[in-house]
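Student: Could you take a close look at how the helices pack here? Keep it chatty, but give me the cut-offs.

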Amino acid sequence: MPVSETFPPTDVAIARPVPVQIVGRIPVQSVRPLVDDGQRPAKSVEGEWFTVAARVFREGHSSVNATAVLRDPQGRDHHFPMHIDNEGLSWWSAPVRADRTGMWTYRVEGWSDPVATWQHDAGIKVPAGLDVEMMLEEGARVYERALAELPAGVDGAALAHLVTTLRDTGRDPEERFWAASAPDVLAVLAAHPLREFVSPSAAYPLLVERQRALYGAWYEIFPRSEGATFDPETGTWTSGTFRTAAERLPAIADMGFDVVYLTPIHPIGRVNRKGPNNSLVAGPDDPGSPYAIGAAEGGHDAIHPDLGTFDDFDYFVARAAELGMEVALDIALQCAPDHPWVTSHPEFFTTRADGTIAYAENPPKKYQDIYPLNFDNAPQSAYAEMRRVIQVWLDHGVRIFRVDNPHTKPVQFWQWLIADVAKDYPETIWLSEAFTKPAMMAALASAGFQQSYTYYAWRNAKWELEEYVKELATDSAAFMRPSFWPTTHDILTPYMQYGGPTAWQLRAALAATLVPTYGIYAGYELMENIARPGVEEQIDNEKYQFKDRHWADYEPGGPKAGRSLASYLRKLNQIRRAHPALHWLRNITFHHCNDDNVIAFSKTTIVDTADGSQYRDTILVIANVDPHSTRETTVNLDMPALGMRWDQSFTATDLLIGHSWTWGASNFVRLGPGTQPVHIIHVTG
């Protein structure tokens, strides 16, 4: 398909600036959530509950009320009654959700509430014997109006009976007044309130996306390593291919992963190719880094010949789909010195004073095998060429892109590219791999990235995790969706190097339950924990060489059977799939533990069933974040957050080991290497 000719990219926007609002009859202020002052959409996924809040008030003593209104892509309004959170500060809120994908809007309507005003005034005067008949007649007139405004087809019998009762002078006045509190009357008015002076806020954009944008389990592979073989006689490697990598897919699917993420699959440059462990000299058989993209065989729109053809790639994508998984492709917008663009588009690069092209640097790191792109020299042609490349992979069925170092490219470019792709492929998901300053991470997320890598790998202490996850689940949840990775091909923290098997179990469990999307890098099952000296990454890093992990050795009957975390990861993913509470981000509550090394949190949601009924799904996680010692402590639970009374007990079933206990508000736990590092508990009854 042709690339959009809309340019400059600032002309392609999901939302226009919100006009200045004149204060309505009922003032509505400080609507939340709000992304970039309403110029960018807040985000949710279909079925996700989130909170809309605002300040709503009025003059005098008459009662005020508020409604959150979501307008769907077809122009239909969906109303959600708001409740007062802080009467003194006039804060109102409502949980809301959208039931389908597309561009929605949300607004808050403030309105005068004549029914509540009458109930307040009559509730004082009637018992005191003041203006009794006049108050009851005024009430009858208010409810007559409410009855007259009921939509066609709504049963108004309860309101009609109330009007008659209020005017029945043969009955006790207080009895007539309390008839207005009858359940059937309250039910009708809750669904169809009498609203006066309805004053809407501005309508703000809401982008509702498919659930994979929020929830999923990712598994990263270097496709060239899956099926790679080493010949000890010649000392040479034979690369894996898409066909051999496809043979690994059933095992990945069996562990319960939803997304298979491929590191770059393009031809690799030969000029300044890196050798093992990032050495500056590569041997003739060293494969080089797949992030040094481009050679005589092609660039970002080509496949490395060793991996196969486009037919082989299509087979891999189709096989993953058969197994219930999607394929995510790594997009690294950078070039090897022998990339075709260096000669066909020299304007895409930065030329130094001596006439050479600048290679990538992140002092003290140097990437002599990579030329960064410069989007400012010729933005129109650069943007169009990047869009053409993405189209190649869209045409081959890819709908998820993991983007390498997006913070080194203009935010403006990503806003344009993601929006342009979404015109025809709104289901596309982009993951931002931006380990950078918070402002840039937030800007990329609000510009369009559906998911973002985070600082999870370096947040190990209880207080760090609690503080960080609270921020992710509240302040930034409207625009940034976190993806938690304990390790990656670039990251192996000291915690993982020295924490032993307990650390690997714990960090996977926390990643899988704290947030809806998490991922692991191939080899996590084997707890590969040896770092290259001086850096936080694997020794013999797969970025620079082939790796044969001999997966068959870890299968039942193999010489290393029982040494893999595959069954543990399978159990985690089974728990995630079975419990919708773990599919959401904003529903987390932290509980108090007496030990500063033990963290406790719960997630709960109301689940709609096919027969129209509902049930509450609640998961409680308790973990010892110290991988070196066993801890004993008391966990004090916020029982209302679990949907229970403070004096209530419940059945706590550990889904990892299958044991059950009767628990209450305070419970003793013992966790650590000598027992198990984490409880994942299903709360019932």
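Tutor: Helix 15 passes helix 16 in a right-handed crossing (the near helix is turned clockwise from the far one by less than a right angle). This is a predicted model, where local features need pLDDT of at least 70 and side-chain atom pairs pLDDT 80 or more, while totals for chains, interfaces and linings use all residues. Numbering starts from 1 along each chain as its sequence is written, and side-chain values use heavy atoms, with hydrogens and water left out.

Helix 15 spans residues 500-514 and helix 16 residues 566-578 (helices are DSSP runs of H or I, at least four residues, and strands are E runs of at least two, numbered from the N terminus). Their axes sit 10 Å apart at about 15° (lines fitted to C-alpha atoms over the stretch in contact, with angles from 0 to 180 degrees between N-to-C directions). Helix 15 and helix 16 are therefore roughly parallel (under 35 degrees). On the helix 15 side, the contact uses Gln505, Ala508, Ala509 and Ala512, and helix 16 answers with Tyr568, Leu569, Leu572 and Arg576 (contact means heavy atoms within 4.5 Å). By class that gives six nonpolar, one polar and one charged (Ala, Val, Leu, Ile, Met, Phe, Trp, Tyr, Cys and Pro are nonpolar, Asp, Glu, Lys and Arg charged, the others, Gly among them, polar).

Now set helix 11 and helix 12 beside that. Helix 11 (residues 411-424) packs on helix 12 at about 25°, axes 9 Å apart, so these two are roughly parallel as well. Helix 11 also passes helix 12 in a right-handed crossing. Val411, Trp414 and Gln415 of helix 11 meet Met440, Ala443, Leu444 and Ala447 of helix 12. This contact has six nonpolar residues, one polar and no charged ones.

Helix 12 takes us on to a pocket. The second largest pocket holds about 710 Å³ (on a 1 Å grid over the protein atoms alone, a pocket is an open set of points where a 1.4 Å probe fits, with protein on both sides within 12 Å along at least five of seven lines, and lining residues have an atom within 4 Å of a point; points join across faces, edges and corners, and the volume is the space filled by probe spheres set on them). Of its 27 lining residues, Trp49, Phe50, Thr51, Ala473 and Arg586 are the closest to the centre. Helix 12 (438-447), strand 3 (50-56) and strand 26 (598-608) each give two or more residues to that lining, which divides into 15 nonpolar, six polar and six charged.

Definitions and conventions:
Angles under 35 degrees count as roughly parallel, over 145 as roughly antiparallel, 65 to 115 as roughly perpendicular and the rest as oblique.
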